[in-house]
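Q: Got a minute to go through a model with me? I'd like to talk about how its parts touch.

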Protein chains: 2
Amino acid sequence: MTRDDAQALDAADPLAGLKAAFALPDGVIYLDGNSLGPPPVAVHERMADVTRRQWGEGLVRSWNTADWISAPLRVGDKIARLIGANPGEVTVADSTTVNLFKLAAGALSLRPGRRTILSEAGNFPTDLYALQGLEGLLGGRARLKTVAPEDLVAAIDEDTACVVLTQVHYKTARRWDLAAVTAAAHAKGALMLWDLCHSAGAVAVDLNAAQADLAIGCSYKYLNGGPGAPAFLFVAERHQGALTSPLTGWMGHAEPFAFEDGYRPAADIRGQITGTPPILGLAALEAGVDLQLQADPALVEAKGLALAELFIAQVEARAADPQLKLTGPREPGARGLHVSFAHPEGYALVQAMMAQGIVGDFRAPDIARFGFSPLFLSYVQVWDAAHALADILAERGWDRPEFRTRAAVT
Amino acid sequence: MTRDDAQALDAADPLAGLKAAFALPDGVIYLDGNSLGPPPVAVHERMADVTRRQWGEGLVRSWNTADWISAPLRVGDKIARLIGANPGEVTVADSTTVNLFKLAAGALSLRPGRRTILSEAGNFPTDLYALQGLEGLLGGRARLKTVAPEDLVAAIDEDTACVVLTQVHYKTARRWDLAAVTAAAHAKGALMLWDLCHSAGAVAVDLNAAQADLAIGCSYKYLNGGPGAPAFLFVAERHQGALTSPLTGWMGHAEPFAFEDGYRPAADIRGQITGTPPILGLAALEAGVDLQLQADPALVEAKGLALAELFIAQVEARAADPQLKLTGPREPGARGLHVSFAHPEGYALVQAMMAQGIVGDFRAPDIARFGFSPLFLSYVQVWDAAHALADILAERGWDRPEFRTRAAVT
């Protein structure tokens, strides 16, 4: 493929029009939308409206007049459309970590007598940490078991209350088959809880077609919700009411403004909300989700996988460095939208790219990671980034002391 | 006191200059800063800077270049100065509800063998709900006991792991003696956990002088942090390291970017952080806290109490309605900065005030509540509000059907 070929792909790209909905800085090729998506242009006016008009003029009245109180469910319903869920099955609340704690605890309570939560060794750390915290709190009543991915399905057994997996792995981009693993969990009577952090807004997800029970996800990656944007969670309608959260706060009460001393959970998805909803974060997130809803999820996935393939192919065709190794599957059907190359100088490599305005990120110990957000990237940008990477490798462009100085956040 | 007297108090008010730091809408007397503080003028530019420059231009790099990663501790250190805590003892994280869950669980782990968490019947519901959730999750290992406030100190015993109280009561404004109750808890070997939701930015709080162990609080009331702003928590330095959180997320790990499978808590206050920090909410909050730091806490408390006294005195002197009853203590030293009147038509009364641009709120079943934020209110405004309330009562101005139509949020 030549650069002209990439240009031809851009000319035929049905999603090319969405690029104008972002205002990325000049000279930047942004391959880290999988860590923090960029702001949609529309978010700036939304934030000004929320802070100046709704907060500044409406003041506390905006809980009613601007319907702040419904924001978690309203934005949740929009996210539901992106992940194959029905209205009323998704809410925005808390962080991914806290939501996982809530739903895993709820899953244990739905499977009395079973005590194992099964996950994958090397899953995103915060998922494992949240489950370890739950295990520690519950003493002998919960046990986190982690196994290698190839052993996972066979490890589901009659003691498994819940299987917790991240659909697309944060390092390798390896993608689990949502429907197949959910069916395997159900075959043993276990519930299935999916982490969609690297899926939502990236790969086409259909939770209900897969009969998934529970899901969580963050919204600051492909959903472009902003730094530390509030997370979302999904509870299949058939489990609502029965599955209760251990983090019981006033916004999850059946009648929050009755101010009763005793907790009575809302029987619907609201029962998973804890404290007062983060309105500023929700407003930014809604702008990102509204933009995402303009794109057909099947086209989003197809373009993202094509960009990733283009990147892999161009890098591998040109990169002369035998130390560079693709991590994770090569086949598009088995992966998500980011590409990770292991290299002993992975950190310096990412910094050398960054010095050229090509933003990726590093994941310890040796992964240079590049994400291919389909809404704002062009084929030519990806072609250019691949060639820049190949050039840096050929010239040992990473071999400078300043590229090895680790920042606080890598 | 005449209206001219109130004007004279304004002329002599050392905090009067701070009013210009807010841009409240014309025709509004805002007596609900105790529910949602108004935006400081400076917040608008801060938010634009965070969304346009830091997020839009810096993109993911801003975790380092704009030091987003330090925001929870940086803002926490600023809040620490308002509540008598030292640097490194406060962080911003999650919601009040979630923080209470974390710290109460931690308190139980610091007092093995004790299983009682003692609180006040009628405490703010989300506090009771969070503790009920913990109780439910821990089975027999935790027991929430609530007693009437007058019985509380006597109820602290050798099974009490932790006493959880809101310093200023959300309905009555009754204020607990921070040092005395903390000492009573310690005398029985219990830990003391204070909820400062109606204290921070309102009454002078000195956690370390009182030797308090733990505290939580919200930041969208007197700290003017914005709707649903992230909450804060305090862990006295002597407990850090030993007190671990059950909500273990990657941002509480000793080395978050090592991406280890096993959780190792940060030994300092960072160990209480769970997920990715909410940067937009933190930015708005920091503007509110920076403004608060310009005022001497003793002057803030003194003015707020004086405003509340003026309101009570003017209402009681003029209001001819025997059904109107002050709820909570009359003496300034025993109260916080809001005033609650019980009235059978409390809801309609608040709506009738609202129709005149005087914004208070209602707390079920019958409380009309008015808050006296010292940073932006004048004595004349409070004089006018008191007279408006008295006039409405005299004329049964609340007696209109539209004032009885309940909104979703009361």
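Q: How many residues of domain 1 of chain A are in contact with domain 2 of chain A?
A: 19 residues of domain 1 of chain A are in contact with 15 residues of domain 2 of chain A, where contact means C-beta atoms, placed from the backbone, within 7 Å. This is a predicted model: local features need pLDDT of at least 70, side-chain atom pairs count only at pLDDT 80 or more, and totals for chains, interfaces and linings use all residues. Residues are numbered from 1 along each chain as its sequence is written, while chains are lettered from A and ligands numbered from 1 in the order in which they are written.

Q: Which element gives the largest share of the domain 1 side in chain A?
A: That's α10(A), with five residues. Helices (H or I, at least four residues) and strands (E, at least two) are DSSP runs, numbered from the N terminus.

Q: And what kinds of residues are on that side?
A: Nine nonpolar, seven polar and three charged. Ala, Val, Leu, Ile, Met, Phe, Trp, Tyr, Cys and Pro count as nonpolar, Asp, Glu, Lys and Arg as charged, and the others, Gly among them, as polar.

Q: Where are the domain bounds in chain A?
A: Domain 1 is 3-30 + 296-404 and domain 2 is 46-292; the bounds come from an automatic or database domain assignment. Their centres, taken over C-alpha atoms, are 30 Å apart.

Q: Switching to the chains: how many residues does each put into the contact?
A: Chain A gives 74 residues and chain B gives 74 residues. On the chain A side, α6(A) gives the most, nine residues.

How values were computed: Contact = placed C-beta atoms within 7 Å.
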